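Hi,

Here is the structure I promised to pass on. Have a look at it first, and then read my notes below.

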Number of protein chains: 2
Amino acid sequence: MTKDNETLRIIPLGGLHEIGKNTCVFEYDDEIILLDAGLAFPTDGMHGVNIVLPDMTYLRENSHKIKGMVITHGHEDHIGGIAFHLKQLDIPVMYGPKLALALLAGKLEEAGVSDRTELRTVSPRDIVRFGKHFFVEFIRNTHSIADSFSVAIHTPVGVVIHTGDFKFDHTPVDGEAFDIQRLAEYGEKGVHCLISDSTNAEIPGFTPSERSVFPNLDRVFSQAKGRLLVTTFASSVHRINMILELAEKHGRVVAVVGRSMLNVIAHARTLGYIKCKDDLLQPLHTIHKIPDENVLILTTGSQGEPMSAMTRISKGEHRQVKIREGDTVVFSANPIPGNTIAVVNTIDRLMMLGAKVIYGREHGIHVSGHGCQEDHKLMINLTRPKFFLPVHGEHRMLIKHSQTAQSMGIPAENMVIIDNGDVVELKKDSIRKGEKVPAGIELVDTSRSGMVDQRVLKERQQLAGDGMVTIAASINLDGRLFAKPEMHLRGVVSSVNR
Amino acid sequence: MTKDNETLRIIPLGGLHEIGKNTCVFEYDDEIILLDAGLAFPTDGMHGVNIVLPDMTYLRENSHKIKGMVITHGHEDHIGGIAFHLKQLDIPVMYGPKLALALLAGKLEEAGVSDRTELRTVSPRDIVRFGKHFFVEFIRNTHSIADSFSVAIHTPVGVVIHTGDFKFDHTPVDGEAFDIQRLAEYGEKGVHCLISDSTNAEIPGFTPSERSVFPNLDRVFSQAKGRLLVTTFASSVHRINMILELAEKHGRVVAVVGRSMLNVIAHARTLGYIKCKDDLLQPLHTIHKIPDENVLILTTGSQGEPMSAMTRISKGEHRQVKIREGDTVVFSANPIPGNTIAVVNTIDRLMMLGAKVIYGREHGIHVSGHGCQEDHKLMINLTRPKFFLPVHGEHRMLIKHSQTAQSMGIPAENMVIIDNGDVVELKKDSIRKGEKVPAGIELVDTSRSGMVDQRVLKERQQLAGDGMVTIAASINLDGRLFAKPEMHLRGVVSSVNR
Ligand SMILES: [Zn+2]
Ligand SMILES: [Zn+2]
Ligand SMILES: [Zn+2]
Ligand SMILES: [Zn+2]
């Protein structure tokens with residue numbers, strides 16, 4: 001018997017038709033739990049904006065229902081929005097992995113909202129309860145950041161497995177294997193719905209193990225004559241571990257440059273996710289005394305981010321690191337689409353300064369943290385879900401992922417392709433797209449602690465395209481000009497100009 | 001005996017450290033010839049700019065020396081700047097291929113500068129003379145646009161071969177083979193310097209023949225049930241020929257959408273570069289009477305350009321073409337880096353409207369018009385030059401191309417890596433980088449027929465990032481406020497905003 005209130009409502013407020021700001025609402029009756037709350041970065045034309053958040057109207061209006069949040073892992077697209085939301089929402093408790101919560105705690109402190117919630121660390125196979133209707137089991141998975149989880153959400157309509165971000169890495173760098181036994185057990189007992197990461201749904205095959213990067217970095221390191229500069233994602237804890245291990249092997253001390261890299265490494269070392277000898281890491285200001293061939297500089301900026309250390313180094317604008325002939329710079333990351341031009345420009349500038357730059361797929365010095373089509377198939381076969389919901393991807397990827405699922409026998413009517421704000425109504429015997437809740441974007445200009453609303457953005461776009469003319473005219477009460485009017489041009493093309 | 005004035009000065013004003021605005025000066029004694037004069041498109045942050053041109057200061061100052069221009073082919077990055085330059089420079093004569101000159105003539109007319117130069121069509125192996133010092137032979141090559149040439153420039157210091165844009169396509173769509181016999185003959189007699197296209201210098205292997213696309217497009221077309229929409233570069237005359245041939249084979253009439261596509265096809269048909277039956281092409285407004293399975297719409301917008309037909313179609317903003325369930329949309333072009341996001345967003349929107357979209361490398365429906373490393377090696381071996389100058393590429397590509405040349409025995413000291421504005425001094429026995437001439441960029445806002453100079457751009461960037469506050473205050477002669485000041489905010493974040 002399915003009554004109308006026996007409906008689980010799944011509402012992704014972000015993360016669909018995009019990669020970023022993953023924020024998912026699970027609602028049953030008078031209870032809501034959240035899964036992750038990330039941020040995205042601005043696209044072209046979002047002038048003066050540095051952070052993009054989902055529209056939280058629905059949660060503000062239903063804040064009394066919120067029982068807590070589940071956090072899958074510590075990437076910005078999963079935890080980066082939380083500090084902003086806590087300024088306007090009460091989220092009584094957050095359960096998540098140790099590393100993610102350590103990174104999150106720092107953000108909450110900075111934003112002055114540490115007292116607005118309670119952070120509780122979970123271990124693999126821990127089961128936590130929210131309100132009357134939800135309990136959630138944390139299942140260890142493998143991803144590019146350490147300490148990452150898939151979750152099994154037990155709800156009145158059945159078990160919903162949310163994969164979080166994952167690939168099947170059978171030889172993880174930290175030895176923490178994907179708990180596929182537990183997934184398989186759920187599959188055996190019956191999974192009602194699988195919600196799965198679609199990032200690489202367009203790419204055939206399996207994603208290689210993170211460990212496959214090791215011999216290739218080893219070869220690159222062994223060929224470097226002078227200083228080594230290496231850049232990767234600050235959050236790629238496994239990669240950083242391998243780089244540190246190789247630095248030690250090749251007799252190089254490591255200086256870390258860039259705020260986010262320093263932050264992640266500090267937390268990851270404290271918690272034991274990064275292991276290295278104390279004297280391997282040296283402050284940047286001391287390394288000029290060390291011979292070039294014994295130095296490795298580990299920096300942020302693998303995506304050509306304008307203010308990052310590597311970008312400033314490439315422009316000769318970094319105070320402490322100047323590129324010189326003999327330096328080898330290694331990009332252990334592929335550019336995310338949209339960053340390609342910034343990255344290749346950075347590479348060009350580094351080469352012009354005399355560095356040898358190692359970049360590009362053929363070197364095998366980067367692999368994705370997300371599974372490809374064969375990983376997706378394995379996930380579906382392990383869990384054998386009745387219903388399927390592809391998430392964490394742009395529209396094309398969701399479509400491809402749904403086609404993969406169909407090729408494995410899940411009927412097309414048992415899955416939905418949704419957009420941010422769509423309400424998925426999951427019942428015991430059906431899945432369907434319901435009405436929509438508000439799901440626009442909120443733009444944050446962190447330098448001004450204000451929101452850039454659509455009107456402001458529109459005005460900025462007009463100003464950028466056309467410039468602005470201001471005319472100051474003083475007019476007497478009798479309507480005549482009092483003084484010569486003054487005209488000011490800002491950003492305006494004057495046609496007399498040549 | 002080499003006197004100091006026995007120096008050929010080669011000065012690229014654009015096209016280096018970039019792909020775009022190729023413009024090269026050859027100067028000997030009191031004579032200058034130009035090779036191509038292209039445009040580039042604006043990058044992020046060039047607000048309100050739609051065309052980027054090289055700084056022509058050097059040519060303005062030496063305009064009395066200019067004897068004429070050599071045009072290699074009709075791509076925008078080779079002819080798109082000419083109409084702008086003719087407004088300020090006298091270029092007495094331009095020699096080039098029929099198709100390029102037809103496209104150019106239209107531009108000159110639109111800009112009202114048709115009378116400022118004389119266009120003279122050349123045929124393969126034609127030799128033309130400029131002034132006392134230069135004569136130039138046109139050598140048929142193969143590229144993505146029809147009627148393309150490499151050139152042999154005879155100068156007092158020796159023969160300089162400029163490849164233009166090329167790949168070695170041994171089975172060209174139009175049957176016009178690369179004149180490698182003539183290149184080989186120059187190689188046998190002795191080539192002083194080779195100036196060569198570096199676009200794909202980072203990619204191993206040979207670029208496949210344009211013809212390799214044919215069976216793959218054929219397969220895609222045969223699987224389409226409803227309407228077919230196909231987008232490619234407007235200038236890819238060979239591709240368009242194949243698409244038209246396949247349309248006829250599959251019983252579809254073709255409606256062409258997009259100004260540049262209509263323009264190129266009109267000229268190419270008049271000149272015989274595109275051959276098809278008259279009734280194959282039908283005006284767009286008539287095709288609604290024809291069954292879906294008999295319609296092919298050929299459009300611009302393969303790069304997600306904001307104002308292009310395909311982009312407007314994907315946004316539901318095109319008046320005459322509305323996507324519907326059953327449509328198949330084919331992207332017969334790869335996104336140029338920097339356009340990726342715009343392209344995938346377009347694809348996503350088309351899919352959301354119900355279209356099946358065929359895109360991506362695995363379909364084999366696009367090949368580059370530029371040669372890869374093996375093409376470069378063949379070019380070097382055919383011409384066996386003493387000196388080598390890689391052009392038409394970003395810095396990384398120039399470096400890779402020079403490494404390819406070194407791997408074939410050209411000594412490193414016989415080549416230079418240069419930037420726009422560098423003066424290459426080529427003598428009988430040496431090549432070296434001399435001083436620099438001005439080589440910045442000039443930004444054109446075509447909607448306002450003015451130049452956006454660096455100051456205007458800087459102001460626009462500030463306006464975009466911060467917005468603008470204007471305060472109007474009327475102050476009495478005694479220094480007191482005359483009325484309540486008025487404040488206007490444009491694009492400004494007000495902190496009271498929530
Ligand atoms: Zn993610
Ligand atoms: Zn992640
Ligand atoms: Zn070109
Ligand atoms: Zn070209």
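Let me start with one of the metal sites. In this predicted model, the zinc ion (ligand 4) takes its protein donors from B:His73 (NE2), B:His75 (ND1), B:His143 (NE2) and B:Asp165 (OD), which lie 2.1 to 2.3 Å from the ion. Along the sequence, those donor residues follow the spacing H-x1-H-x67-H-x21-D. Two of them come from distant parts of the chain: B:His73 sits in the loop between β5 (66-70) and α2 of chain B, while B:His143 is in the loop between β9 (134-141) and β10 (148-155), 70 residues apart. The angles among the 4 donor atoms run from 89 to 164°, and the site is irregular.

Now follow B:Asp165, as this residue bridges the zinc ion (ligand 4) and the zinc ion (ligand 3), with 3.4 Å between the two ions. What else coordinates the zinc ion (ligand 3)? Besides B:Asp165 (OD), you will find B:Asp77 (OD), B:His78 (NE2) and B:His392 (NE2), at 2.1 to 2.2 Å. The spacing for this site reads D-H-x86-D-x226-H. Here too the chain is brought together from distant parts: B:His78 belongs to helix α2 (residues 76-79) of chain B, and B:Asp165 to the loop between β11 (158-162) and α5 (180-189), 87 residues apart. This arrangement is irregular because the 4 donor atoms subtend angles of 86 to 161°.

Over in chain A, have a look at the zinc ion (ligand 1). A:Asp77 (OD), A:His78 (NE2), A:Asp165 (OD) and A:His392 (NE2) coordinate this ion at 2.1 to 2.2 Å, and their spacing along the chain is D-H-x86-D-x226-H. A:Asp165 is a bridge between the zinc ion (ligand 1) and the zinc ion (ligand 2), which are 3.4 Å apart. The link across the sequence is easy to trace: A:Asp77 is in helix α2 (residues 76-79) of chain A and A:Asp165 in the loop between β11 (158-162) and α5 (180-189), 88 residues apart. Why is the arrangement around the zinc ion (ligand 1) irregular? It is irregular because its 4 donor atoms subtend angles of 85 to 161°.

Next, the place where the two chains meet. Chain A puts 46 residues in contact with 46 residues of chain B, and about 4,400 Å² is buried between them, with carbon and sulfur atoms giving 55% of that area. There are 6 residue pairs in polar contact between the chains, counting pairs with both residues at pLDDT 80 or more. On the chain A side, several elements supply at least two residues each, among them α10 (340-352), α12 (395-407) and β21 (441-445). The most comes from α13(A), with 8 residues. By type, the chain A side splits into 17 nonpolar, 14 polar and 15 charged residues.

The interface also has 2 salt bridges. One to look up is A:Arg396 with B:Asp348, where the closest N and O atoms are 2.9 Å apart.

Finally, salt bridges in general: the whole structure has 60 of them over all chains. A good one to find within chain A is A:Glu210 with A:Arg239, at 2.5 Å from N to O. A:Glu210 is in the loop between β12 (191-197) and α6 (213-223) of chain A and A:Arg239 in helix α7 (residues 237-249), so this pair ties together parts 29 residues apart in sequence.

Cheers

Terms used:
Residues are numbered from 1 along each chain as its sequence is written. Chains are lettered from A and ligands numbered from 1 in the order in which they are written. This is a predicted model: local features need pLDDT of at least 70, side-chain atom pairs count only at pLDDT 80 or more; totals for chains, interfaces and linings use all residues. Side-chain values use heavy atoms; hydrogens and water are left out. Contact means heavy atoms within 4.5 Å. Buried area is the accessible area (1.4 Å probe) that two parts lose on being put together, summed over both. A salt bridge is a side-chain nitrogen of Lys or Arg within 4 Å of a carboxyl oxygen of Asp or Glu. A polar contact is a pair of N or O atoms within 3.5 Å; within protein, one must be able to donate a hydrogen and the other to accept it, and residues adjacent in sequence count only if both atoms are side-chain atoms. Helices (H or I, at least four residues) and strands (E, at least two) are DSSP runs, numbered from the N terminus. Ala, Val, Leu, Ile, Met, Phe, Trp, Tyr, Cys and Pro count as nonpolar, Asp, Glu, Lys and Arg as charged, and the others, Gly among them, as polar. Donors are N, O and S atoms within 2.8 Å of the metal (3.2 Å for Na, K and Ca); water is not among the atoms, so sites may look incomplete. Four donors count as tetrahedral if all angles lie between 85 and 135 degrees; four count as square planar and six as octahedral if opposite donors are over 155 degrees apart and all others between 65 and 115; anything else is irregular.
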